[in-house]
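User: I would like to learn how to read the empty space and the ligand site of a protein model. Could we go through one example together?

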Amino acid sequence: MKRVTYFADKNYKIGQVDPKLFGSFIEHLGRAVYTGIYEPGHPTADEDGFRKDVMDLVKELNVPIVRYPGGNFLSGYDWTDGIGPIENRPRRLDLAWRTTEPNEVGIDEFMKWANKLNIEPMLAVNLGTGTPKEAGFFVEYCNHPGNTYWSDLRIQNGHKDPYNVKVWCLGNEMDGPWQIGQLSAEDYGKKARETAKIMKWVDPTIELVACGSSSAEMPTFPEWDRVVLEHLYEHVDYISCHRYYENLGDTNDFLGSFADMDNFIKTIASTADYVQAKYRSKKKMYISFDEWNVWYQKKVELKDWEVAPPILEDIYSLLDSLVFGGLMCTLLQHVDRVKMASLAQLVNVIAPIFTQKGGPAIKQAIFYPFYQVSNYGRGEVLNTLIEAPKLATNRHGDIPLVQSSTTYNAEDNTLSIFALNCSEDEDLVLDAQFRSFGSVQVIEHVVMDGTDLNAVNNFANPDNVKPRNVDVSNKSGDHIEITLPRMSWNMIRLQCTSN
Ligand code: AHR
């Protein structure tokens with residue numbers, strides 16, 4: 001068996017995991033909101049119409065922050081359509097997804113849902129058809145205590161205490177021709193800067209996210225990011241980036257998506273550092289990777305003007321979940337720069353949770369790697385030294401056969417190793433040495449693998465794809481060998497015995 005040498009040392013660290021790395025995203029798109037998180041009349045609906053079965057799954061995923069309300073939807077959205085008595089709210093055409101938006105859920109309902117789950121909101125303001133002034137009013141509605149028009153309206157709508165929303169996105173994917181009100185980098189930079197000034201004047205405690213490139217494949221990448229940051233550097237706290245991956249028929253290329261994500265992050269970080277150097281600024285620009293996932297974009301079919309039609313409902317396979325795990329490792333490997341990320345999305349729309357209207361909610365294959373990393377990838381990411389054989393790919397060149405990341409959680413003195421074995425035909429031995437950690441004991445080794453890479457979960461067979469536990473008895477010491485099965489995603493948790 002081929003070997004992968006691995007050294008972990010307590011003193012070699014990349015950085016602290018910000019829990020916001022495990023954020024997600026709910027857009028008014030398809031069935032994410034309606035029949036996703038919200039379905040009055042569903043057997044599990046609570047008094048506010050929120051599906052409790054979905055809430056239970058969201059709790060399992062341990063999602064700390066959720067981006068809302070879009071997405072492409074945002075650029076045509078007037079947030080004031082979603083406040084006040086539901087029966088008075090307008091039904092609007094949503095030009096982004098060619099649906100009808102009933103506005104039964106708006107900011108106050110979303111906040112209610114988020115509060116029930118102890119989830120922090122990450123709100124976005126419309127910089128497509130929206131104005132800087134309207135963005136300021138939105139902050140005032142959410143965060144101002146009272147005695148002004150917008151804050152009093154919130155109180156009148158039944159929410160006495162301000163929401164104190166901390167994180168705000170300045171628009172969405174404004175570089176994209178698909179965006180309602182697309183802008184050039186220059187125009188976006190100026191509009192976003194003026195918006196940022198107003199929003200921070202209303203509430204100086206907020207943090208702002210500027211729109212970075214919506215994909216590494218945009219012809220304007222990374223020039224967009226440079227120009228935008230030159231306008232906004234001292235006004236914002238994060239630059240956003242988005243990236244989706246799909247299987248275009250070459251399995252190795254698909255498995256190597258983590259390498260593409262790695263390059264994307266490095267390029268954005270260097271672009272931001274260039275602007276920092278140009279301005280002699282002391283401020284480090286962090287990255288909000290606020291849309292990422294596997295997404296079969298070529299299969300999107302829109303249905304004209306329905307309310308909450310089933311669109312972008314990708315059903316994820318075992319192979320998708322392996323790729324997904326590799327991407328999660330890349331996010332962890334960049335914790336020193338990527339402080340926040342949003343899995344796009346959370347329910348039904350390219351999501352780990354899938355619901356049936358009036359019926360059950362199930363876990364998609366990608367649910368599991370997210371669950372594992374979100375729950376156990378806590379503490380500090382270690383700068384491990386790994387030597388793995390190489391895999392030649394057409395798209396990414398040579399990539400390591402194993403993509404991995406390790407976290408050390410000082411709270412319970414445990415290590416979590418996450419590892420993707422990309423080899424189509426060979427199990428690999430992870431030859432792990434734990435140096436300053438001393439002796440460790442394997443608590444569990446959980447594997448996702450299988451002979452059918454196309455296997456999926458569905459309502460008839462919801463547990464078709466799920467992780468299995470490997471026997472770990474007698475696995476302890478300062479040097480441990482662990483088998484990573486061919487084409488597998490692995491989580492190995494270890495108890496450290498010394499401090
Ligand atoms: O997440 C689906 C869509 O992908 C979002 O609406 C948009 O921001 C991106 O293009």
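User: Which residues surround the ligand?

Analyst: This is a predicted model, in which local features need pLDDT of at least 70, side-chain atom pairs count only at pLDDT 80 or more, and totals for chains, interfaces and linings use all residues. Residues are numbered from 1 along each chain as its sequence is written, and side-chain values use heavy atoms, without hydrogens and water. A residue is near a molecule if one of its heavy atoms lies within 4 Å of it; here the ligand is surrounded by Phe25, Glu27, Gly71, Asn72, Trp97, Asn172, Glu173, Tyr244, Glu291, Trp295, Gln345 and Ile350.

User: Which N or O atoms of the protein lie 2.9 Å, 3.0 Å and 2.7 Å from an oxygen atom of the ligand?

Analyst: A polar contact is a pair of N or O atoms within 3.5 Å. A backbone N or O atom of Asn72 lies 2.9 Å from a ligand oxygen, while side-chain N or O atoms do so at 3.0 Å for Asn172 and at 2.7 Å for Glu291. Taken alone, the ligand exposes 280 Å², of which the protein buries 95%, with areas from the Shrake-Rupley method and a 1.4 Å probe.

User: How many cavities of 30 Å³ or more are there?

Analyst: Rolling a probe the size of a water molecule over the atoms shows where empty space is left. On a 1 Å grid over the protein atoms alone, a cavity is a set of points where a 1.4 Å probe fits but cannot get out, and a volume is the space filled by probe spheres set on the points. The count comes to two: the largest holds about 80 Å³, and the second largest about 50 Å³.

Methods: 1 Å grid on protein atoms, 1.4 Å probe; cavity = no way out; pocket = protein on both sides within 12 Å on 5 of 7 lines; lining within 4 Å. Polar contact = N/O pair within 3.5 Å; in protein donor to acceptor, adjacent residues only side chain to side chain.
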